[in-house]
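Here's a quick tour of how one model is put together. Have a look first, then read on.

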Amino acid sequence: SKNGGQKGMVKSMNFRFGRVSSLKHRVWILGLSVAYGVMLLAYYPLLYRWFGTQLGYPCHGCSLEILAVAFLIYLFPATFLPIDALRPSSIILWLVYIMFYAPSVLVPYFVLSISNEDILLWNSILCTAFTGVFLISRLIPLVSIPSIRFSWRNYYVFFFVLMTCILVYLLWATKSTLSLESFLASLRSQYQQRSAYRNIVSTTPLLGYITVWIEFWLTPLLTIMSLNALSKRWMGTAILYFAIAVITSLLIFCVTGFKSALSTIPVITGSWWLLKRPHGFAAKFLSILLVFWVLAFMMYLTGYNFLFQHIIRRVFVVPGLNASYFWEYFSKYGYAMSIFRSILTLLGYHQRKISAPFLIGEAYYGNPSTSANTGFIADAYANLGFPGVLLFSILAGFMLWITDVLLKKHNACLAGSALVLQAYALSNSGLSTAFLTYGWAFMLLSLFLMPRTKGGTLIEVSPTEPLKVPGTGSNTKHGSTR
């Protein structure tokens, strides 16, 4: 009884210490979130002051009382989002919160001419939808499912062959334009190269999907495979796959002119090292983000405005800016209903011939060829209104749950870093587009087939052996949930 009492006391002390530690982390997260929100509120007026004429952005005044209410709505998810990155969905939720939710709540007051009450309604919809996505992904219990087990050798060989075939097709489809001159043209004028790329895609539609899959699926996967091989001290394999990842990034940039292709490897590598210690992820992520913003501002003051004007604006502000335009435009003119286009047509619903991003590009940027992309909640509203927000919030929560279930066999370092670009896609496109066009589904399948990594808990089953239920027989090796 004495030993039992001592064990109970130790458990009680550990529980109390855990609660105190979690409370400290939550206070840190809230403090960092407040600092980030203040920087975001200060950024847009500065952007307008220095580049407003060049970019064509509006900037209206707003009362401090209204901004205070909006700030509380922005801050609300920071009170419950995970402290640690123990599940892949935790990384996705935090990234979507920063890249899409935060600017979508705070930026509209500077750019929209509608009443503050209408903007607060939009804020409430965003908050409810985002909270619903989190709750759905967390309230459904995770289940253990069997996973086909491959050897590392077979897995690496399979994806080497797959990548070779895709690269051969890419080289064949772009043989008429692929050259050193096209690479230099991409460096000099990305928009001119993008125009040439669109002309090719208009005659070879499959090429458009291939380039996006390579950028958002295969290049991140190759980078992860290289880092995984490096952690296992397979130096030759690590160098080979890293070299292939670099080549694919350069090819995509050369063909499309998209600068984001050059950032894929640094982003995935940085995420890998950040997630090697997933505990306290939220505070570390927000701290790094704040340092990056301060660095970008300091570099602008020294005459280097690339980070300030392009990276911060495009990644952390534009999704919210476009979401504001989506809310204003489709509340006034009705919904685009481009999702499930063929089904809606058969049911007799009238649809616009132009998809939602191009409607916004023409209405607010004055260019019908501009695709004003935004996150999945705004896209759902543009296409199906309030029912669309409800439907796709439920689907998004369920998809995050599926992601956690399928990737239980991997640690957060591998699974989380592999899905960073999928979070970016979710912040800049509709749910179905992110899942299919941007390769979220293919990434899940690729990681599900990958051999188990240390820290996973998914049941693995050999293709040549029957599945054994844990605890029902003497041999429970493949039924272990360790």
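What follows covers a helix pair, a surface patch and a salt bridge.

This is a predicted model, with local features needing pLDDT of at least 70 and side-chain atom pairs pLDDT 80 or more, while totals for chains, interfaces and linings use all residues. Numbering runs from 1 along each chain as its sequence is written, and side-chain values use heavy atoms, leaving out hydrogens and water.

Here are the helices to keep in mind (DSSP runs of H or I, at least four residues, numbered from the N terminus).

| Helix | Residues |
|---|---|
| H6 | 152–173 |
| H9 | 205–231 |
| H16 | 376–406 |

H6 and H9 pack at about 150 degrees with axes 11 Å apart (lines fitted to C-alpha atoms over the stretch in contact, angles from 0 to 180 degrees between N-to-C directions). Contact means heavy atoms within 4.5 Å; among the residues making it are Trp 152 and Phe 159 of H6, plus Trp 217 and Asn 228 of H9. By class, that contact has 20 nonpolar, two polar and no charged residues.

H6 also shows up on the surface: Val 157, Phe 160, Val 161 and Leu 240 form a nonpolar patch with about 320 Å² of accessible area together. Patch members have over 30% relative accessible area and no salt bridge, with nonpolar side chains joined within 5 Å; areas come from Shrake-Rupley with a 1.4 Å probe. H6 supplies the largest share, three residues, and Val 157 lies in that helix.

Finally, there's one salt bridge (a Lys or Arg side-chain nitrogen within 4 Å of an Asp or Glu carboxyl oxygen). Asp 404 pairs with Arg 87, their closest N and O atoms 3.0 Å apart. Asp 404 sits in H16 and Arg 87 in the loop between H2 and H3, 317 residues apart.

Technical notes. Helices (H or I, at least four residues) and strands (E, at least two) are DSSP runs, numbered from the N terminus. Ala, Val, Leu, Ile, Met, Phe, Trp, Tyr, Cys and Pro count as nonpolar, Asp, Glu, Lys and Arg as charged, and the others, Gly among them, as polar. Patches are made of residues with over 30% relative accessible area and no salt bridge: like charges are joined within 9 Å, nonpolar side chains (Val, Leu, Ile, Met, Phe, Trp, Tyr) within 5 Å.
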